[in-house]
Amino acid sequence: MIIHKDRLVESRRTFFFICLLGFVLIPALYLGGILSIGDINMLGRFMTFAILALGLDLLWGYVGILSLCQFTFFCMGAYAMGMHLAHHGGPEGIIDENGWKIPACLFVVYPYEVGESSGDALVPGFWKPFWNLPVTIVLGLVIPALASFVLGYFVFRSRVRGVYFAILTQAIAVACWLVFCRNDVKLCGTNGLTRFDVIAPSGSLFTFNPVDATDDWKQDNAESPNMDLNKDGSVDQLDYSVADVGFSLSDPGVQLSLYLITVACLFGSYLLCRWIVNSRLGKVLVAIRDDEPTLNFFGYKPYTFKIFAFCIAATLAGLAGLLYVPQMKIVTPSNMEAVRSVMVVVWVAVGGRGSLGGAILGALVVNLLYNYLTSEHDYGFFQWSPDYWPIFLGLMFVVVVLLLPKGLIELVDRVKSTTFVKSIKKEETES
Amino acid sequence: MDASQVATPSINTEVGQLIKNLASSDVDIVKDSIGELAKTADPRLEKFFELYRQGSVYNWPTDSGVVRIVVNEETIMDDDFNEFAPLLDPLSGEPYLVADVQAKPDLLELEDISPSRKLRSLVNSSKFLLRLFSTDYTVRLSGVKKCGDPSFLPAAIPYLEEIANDETEDEKIRFTAKESKELMVLSGAVEAKKSTEDRLFALSKLGDLKSLRAYARLDTFEGELESMPELSTQELSEAKASISLIRKKIQDHKDTVELSGNLFRGVSYGSVLVLIALGLAITFGLMGVINMAHGELMMIGAYTTYEVQMLFGHTPDNPVNHYYLAALPIAFLVAAVVGLIMEGLVVRHLYNRPLESLLATWGVGLLLIQVVRIIYGDNIGVNSPTWARGGFEISQDIVLPYARLYLLGLSVLSVGFIYFIIRKTRFGMLIRATMQNRDMASSLGVRTRKIDRLTFALGSGIAGVAGYGWTIIGGVTPDMGQTNFIVDSFLVVVTGGVGELLGVICSGLGIGVLTKLIEPLEIGTFTVGPVWGKVILLALIVGFIQYRPSGLFAPKGRLADKK
């Protein structure tokens with residue numbers, strides 16, 4: 001049962017790691033003036049990537065399914081939040097005939113039909129649910145879950161396995177990327193969603209459309225010069241910058257809060273994955289990875305478990321996307337390029353496949369490296385140029401796969417776990 | 001009519017006289033002179049008309065006011081900022097000599113005689129009239145064609161008739177000449193045949209010719225007829241009926257042309273897919289290695305072609321066409337060597353670990369892309385050989401570009417080559433033995449490591465050939481493999497069934513043709529286009545593997561579970 005103990009060790013370690021580093025150390029460094037708010041913001045984004053990596057690790061490390069479209073699910077969450085923030089963002093943009101504001105980012109690339117003029121632009125119907133923040137969060141999780149369910153159902157049921165699945169998901173990632181790049185799907189094309197201003201204004205929490213929101217607000221601001229009330233009480237022009245009082249995304253306090261929320265979500269995701277992996281369900285998942293035909297023979301239906309794991313991974317990716325956008329303040333289709341989803345695999349591989357702590361470690365380490373190595377450095381004897389990053393990355397792929405099949409976490413294990421295991425053994429012998 | 005015949009001395013003097021008229025301030029004289037000049041069909045005038053249109057032709061009057069037409073393209077400025085204009089002879093293009101030296105008068109002495117906006121289109125069309133007598137086939141064809149396009153050149157009609165009746169002339173040119181002539185009559189540009197009957201008669205002739213160019217004119221003509229007050233209702237309805245009859249006729253022809261065009265484009269795209277997927281069928285299908293750097297090996301083949309081109313000094317103006325044939329084996333060898341190195345350093349550790357091989361080779365791909373990008377920059381130009389321009393017209397309006405035909409041939413050859421090696425040679429037998437049962441082959445004395453190396457190199461070499469072939473139709477960039485092909489070609493292999501050459505060919509051609517048939521579809525106002533075409537195709541493939549999880553030609557029996 002030594003494996004079980006190892007797992008316990010890893011579980012405890014990651015637990016403490018997240019709590020100590022995420023909740024205490026980094027905020028303390030910020031308050032102590034060592035880290036800037038920009039650093040906090042960046043770390044917050046990398047933590048969302050860690051959530052994404054956790055999902056993939058559950059899928060690839062434990063079930064043995066390699067998905068190359070995780071960033072597509074990420075973008076589903078990200079675009080949900082992006083549309084929400086665009087609804088409430090920026091004073092620019094115009095009001096369409098139904099009283100909805102067309103966000104500036106959409107207005108710029110609005111795909112007019114032949115003969116339409118700028119006055120004919122309408123907010124697309126599918127944008128409307130994202131006015132409300134709770135609905136946005138639910139949709140941001142449910143849409144990737146549903147998409148992965150449908151895909152998983154068709155693909156796993158027909159016993160598409162291994163590399164076939166990987167290639168298929170990559171093809172889907174490419175197709176989705178192409179679709180999101182088009183202006184006529186009304187998701188702002190290659191420009192992406194941007195010009196976000198505030199999060200959680202009062203109108204976004206309790207109302208489902210801007211007309212209701214204005215009603216509330218009208219009563220409070222009846223004499224405001226920003227409002228042009230008609231005789232029947234309807235409104236010609238709304239100044240949303242006044243109407244929506246929320247938390248400014250450029251405020252350091254809000255950014256720190258977003259960071260803390262992200263760490264909390266990462267912690268929650270970790271606990272969820274840990275719980276799944278340690279339960280009996282987790283043992284079935286590992287059995288699928290190790291010997292699917294035998295499991296099939298025992299009367300299990302592997303495809304239901306696979307779909308389940310795929311859905312969990314996609315939902316976590318959606319969650320990561322939801323958290324990423326308010327911190328990045330832009331979301332573009334370039335996040336969906338095939339290479340991005342392969343990057344997730346690299347994070348997991350670098351950190352340590354089949355180890356949840358490893359996935360988190362890998363995501364943070366690779367992204368911090370990326371952040372460091374994509375700027376110029378002068379080491380005296382050697383000039384590092386950002387051009388070398390892809391070469392470094394390529395070498396990292398190869399080195400990790402050939403020399404470190406269990407990832408960085410293995411290195412950590414060699415150093416630390418011996419002492420932990422010893423202490424546990426000691427406790428056991430003492431008791 | 002031959003160009004050398006018209007360039008007789010007597011005409012020359014006439015040309016010299018006519019050119020002088022261009023300096024006249026009377027617009028009508030200028031206009032008439034241009035028309036007369038065009039009729040002389042002096043081939044040297046084409047250059048002159050172009051210069052005239054650009055405004056490079058000047059009058060440099062002598063002190064006594066005698067007109068001297070000269071050409072000046074660039075001026076020279078001296079230290080005192082006086083601009084001098086070195087002059088050229090308007091017809092010969094040689095330096096304009098005064099007392100045996102090139103004349104370089106002050107720019108201010110020159111009188112600008114460039115044509116007005118109205119005249120410029122006339123000058124331009126006269127240029128095309130001159131082209132009718134060019135000795136160059138393509139120039140002549142474009143001239144003949146241009147006569148029938150707006151703005152029309154009624155002056156060309158006698159020449160067009162002559163060309164159309166000339167038995168020795170090329171079929172295509174004769175056809176175009178007839179077409180252009182009738183198009184002019186149809187548009188009402190010909191004074192002698194302006195009546196509605198004449199125009200309708202021309203239309204019926206065009207219908208017999210199945211002229212695609214007339215198709216675009218039908219609506220305008222119909223609209224014109226409707227606005228003619230002198231037509232009675234009965235006449236109008238009769239005319240309309242005959243128009244719709246002809247429209248139907250041409251439409252049928254148009255549909256055939258478009259369908260066969262799409263089919264050919266599909267087959268051509270499919271042949272590219274097959275060429276790329278062929279290498280994959282070896283590395284992935286036979287060896288079970290997911291080589292994500294396959295697209296990059298292709299890229300290396302393309303860059304090798306570029307290097308060979310530079311070595312041979314091939315440029316569009318100075319073609320050295322045989323470079324392209326020489327590049328074929330070199331591209332194969334270079335890509336094979338890169339594949340060999342890759343196998344030795346990376347891939348050989350990853351047999352039987354397909355997912356890991358996917359990651360590691362992706363890394364190698366990134367590395368190769370970046371190295372090439374650092375060396376060559378983002379974009380290079382491979383100039384395809386000159387014979388690849390143009391196409392072969394198998395039937396009226398159905399043109400098969402030579403480049404695509406070459407690619408199709410290359411694809412067929414490559415498939416044949418691989419088939420021959422795998423099925424008919426000792427090396428191929430050893431490959432098959434090793435891939436089917438490595439241990440058994442090894443114990444029988446087959447050096448399996450060597451076979452692995454060579455097989456991988458073979459697959460990589462074919463990727464290089466694919467990249468080489470691609471240069472004839474597409475652009476070359478460092479990330480060409482990743483952006484264009486890798487996903488598509490893997491889909492081809494997956495759909496076709498792993499390890500089956502026949503499967504690769506069928507699914508490659510199938511996917512190619514299907515793509516090109518789906519793309520131009522129109523549903524209401526919505527045209528499918530490449531992006532949605534890809535999405536639809538993907539959905540079809542996902543649906544397809546519901547029924548055939550292991551592809552079109554699945555391995556059967558014990559082999560089925562192995563991969």
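**View 1. One salt bridge links chain B and chain A**. In this predicted model, the salt bridge count between chain B and chain A is 1. The two side chains that meet in a salt bridge are those of R353(A) and E356(B), at 3.8 Å from N to O. Residue pairs in polar contact between chain B and chain A, with both residues at pLDDT 80 or more, also come to a count of 1.

**View 2. Three helices of chain B each supply at least two residues of its side of the contact with chain A**. These are helix 15 (354–376), helix 20 (480–496) and helix 22 (529–547). Helix 15 of chain B gives the largest share of this side, 14 residues. Sorted by class, the side of chain B that touches chain A holds 29 nonpolar, 4 polar and 4 charged residues.

**View 3. The contact between chain B and chain A buries about 3,500 Å²**. Carbon and sulfur atoms account for 82% of this buried area. Chain A brings 44 residues to the contact, and chain B brings 37 residues.

**View 4. The largest nonpolar core has 226 residues**. Those that touch the most other members are W60(A), F74(A), W127(A), L193(A), W347(A) and F284(B). With neighbours within four places in sequence left aside, W127(A) is in contact with M83(A), A86(A), H87(A), P103(A), L106(A), K186(A), L187(A), C188(A) and L193(A).

**View 5. Another core, of 21 residues, lies apart from the largest nonpolar core**. Among the residues of this other core are V15(B), A23(B), I69(B) and L91(B).

Terms used:
Residues are numbered from 1 along each chain as its sequence is written. Chains are lettered from A and ligands numbered from 1 in the order in which they are written. This is a predicted model: local features need pLDDT of at least 70, side-chain atom pairs count only at pLDDT 80 or more; totals for chains, interfaces and linings use all residues. Side-chain values use heavy atoms; hydrogens and water are left out. Contact means heavy atoms within 4.5 Å. Buried area is the accessible area (1.4 Å probe) that two parts lose on being put together, summed over both. A salt bridge is a side-chain nitrogen of Lys or Arg within 4 Å of a carboxyl oxygen of Asp or Glu. A polar contact is a pair of N or O atoms within 3.5 Å; within protein, one must be able to donate a hydrogen and the other to accept it, and residues adjacent in sequence count only if both atoms are side-chain atoms. Helices (H or I, at least four residues) and strands (E, at least two) are DSSP runs, numbered from the N terminus. Ala, Val, Leu, Ile, Met, Phe, Trp, Tyr, Cys and Pro count as nonpolar, Asp, Glu, Lys and Arg as charged, and the others, Gly among them, as polar. A nonpolar core is a set of buried Ala, Val, Leu, Ile, Met, Phe, Trp, Tyr and Cys residues joined through side-chain atoms within 4.5 Å. Buried means under 20% relative accessible area, exposed over 50%, partly exposed in between (1.4 Å probe, protein chains only).
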